[in-house]
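Biologist: I should like to learn how a helix and its surroundings are read in a structural model. May we work through an example together?

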Amino acid sequence: MKKHILVLFFACLSLSSWGQGKKVMLVLGSDNKEILLDRVHIALRLYQSQPFDDIIVSGGCAAHGSVICEASLMFETLNKAGVPAAKIHKEENAKTTVQNYVFSRELMDEQGKRIIQPGDTVYVVSNHWHAISVAARLQKYDQVYAKFHIEGQVEPKATDKLDYVNIFNGETDSEKFISKGKWLTPNAVWFTTDSIRYFMDNKLYNSDKAHSTYNTSAVGQFFPLIPELANQEALRFIDAADQGYFLIGSQLLLVDKEKKKLSKKLDLSSFIPNLPEQWKVHAKTGFIKDDKLFLFKDDGLLIAKKKGNMYSIIQETTANQYFKNWPFSWGKGNVSAAAIDPVSKQIILYRNQEQLFLNKELNEVEEVKPLKLKW
């Protein structure tokens, strides 16, 4: 089969906006190591042919039962080949091509800004024609100038559609497409005695504990007296049983969970005085149990102990090193939300369509279950 290179230009933006932003490469992962490395080598050749500001490598750990962490392997291969580590950003949640798109478009840099911005030029790289539909969707719905770069010997079967799994034409409502792609990956979760509230993408999904009935509302409708929460793209929440802390920038909003009211505002630096800068930007969620605070980011775990009205850091590590039986598929952490069940007192962690249960001593994983909730 003859080797071929396809490069297609999609032109939806005005000519005046082209080239005004950054040049970004998005490399799509694979659960097959040989195919994955093939895609990385394609990315390397493209990188060596022209300058890029940022490279996103997208793919989670153990997708489809594989034994590799896709983004980590791609990062290491690119870096060893001479690509500066600061240019490479790992997206480690995606299990599918749809999720390559969904999670990569939301990925943030060290300053807490989205890497892919309107006006950027984005090259979607693979040895598979799925790059076509991802590039097309990025251009149509994310206001970028998108190109796909395919190099290799993989060709569609006669029955395969060029729009891979209907990524481009399957759903014209972009917000709905994104939500369905990661359903359910909550940004925050809290329990009441008889219900569970899942917050995701400015929406609240209120379900009974059996997940048999549910209703939805906008976050702003649920918190009419806390306007700061209404416009957040992704709520960051630290659960503390009957109350919780929403992290917004450098502020913490202490909320009474029963009354749904703001109790007080705190400065993050006074709450955790020795908190490293990267944690201020990238901390996603956490929980407070007894006198300890557990704080998670994608590749890290921070543990702090209460001293007076503050918390002092006692350990910085990764979740896979700290918790026994940590599942390989969760990487070094990748926790999107944490919650405390007020009845059982159990700590439950959440990520891409899964929930993880910790033991009472908070040092071991008891069980991992799928998180199913009717769309």
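Biologist: Is helix α3 mostly covered or mostly open, and how many of its residues are buried?

Modeller: This is a predicted model. In it, α3 is mostly covered, with 8 of its 8 residues buried. The buried residues of α3 are T97, V98, Q99, N100, Y101, V102, F103 and S104.

Biologist: What covers the buried residues of α3?

Modeller: The covering elements include the strands β2 (23–28), β3 (54–58) and β4 (88–91), together with the helices α4 (130–142) and α5.

Biologist: How should the packing of α3 and α5 be read?

Modeller: Two packed helices are described by the angle between their axes and by the distance between those axes. Here α3 (residues 97–104) and α5 (residues 174–181) pack at about 115 degrees, and their axes lie 9 Å apart. Because angles of 65 to 115 degrees count as roughly perpendicular, α3 is roughly perpendicular to α5. The crossing of these two helices is left-handed.

Biologist: Which residues meet where α3 and α5 are in contact?

Modeller: From α3, the residues are V98, Q99, Y101 and V102; their counterparts in α5 are S174, F177, I178 and G181. Sorted by class, this contact between α3 and α5 comprises 5 nonpolar residues, 3 polar residues and no charged ones.

Biologist: What confidence does the predictor report for the protein?

Modeller: The average pLDDT of the protein is 91, and 95% of the residues score at least 70. Over residues 1–17, however, the pLDDT is below 50, although this stretch has 41 contacts in the model beyond near neighbours in sequence. Where pLDDT is low, the predicted coordinates should not be read in detail.

Definitions and conventions
Residues are numbered from 1 along each chain as its sequence is written. This is a predicted model: local features need pLDDT of at least 70, side-chain atom pairs count only at pLDDT 80 or more; totals for chains, interfaces and linings use all residues. Side-chain values use heavy atoms; hydrogens and water are left out. pLDDT is the predictor's confidence in each residue, from 0 to 100. Contact means heavy atoms within 4.5 Å. Axes are lines fitted to C-alpha atoms, for helices over the stretch in contact, and angles run from 0 to 180 degrees between N-to-C directions. Helices (H or I, at least four residues) and strands (E, at least two) are DSSP runs, numbered from the N terminus. Angles under 35 degrees count as roughly parallel, over 145 as roughly antiparallel, 65 to 115 as roughly perpendicular and the rest as oblique. A crossing is left-handed if the near helix is turned anticlockwise from the far one by less than a right angle, and right-handed if clockwise. Ala, Val, Leu, Ile, Met, Phe, Trp, Tyr, Cys and Pro count as nonpolar, Asp, Glu, Lys and Arg as charged, and the others, Gly among them, as polar. Buried means under 20% relative accessible area, exposed over 50%, partly exposed in between (1.4 Å probe, protein chains only).
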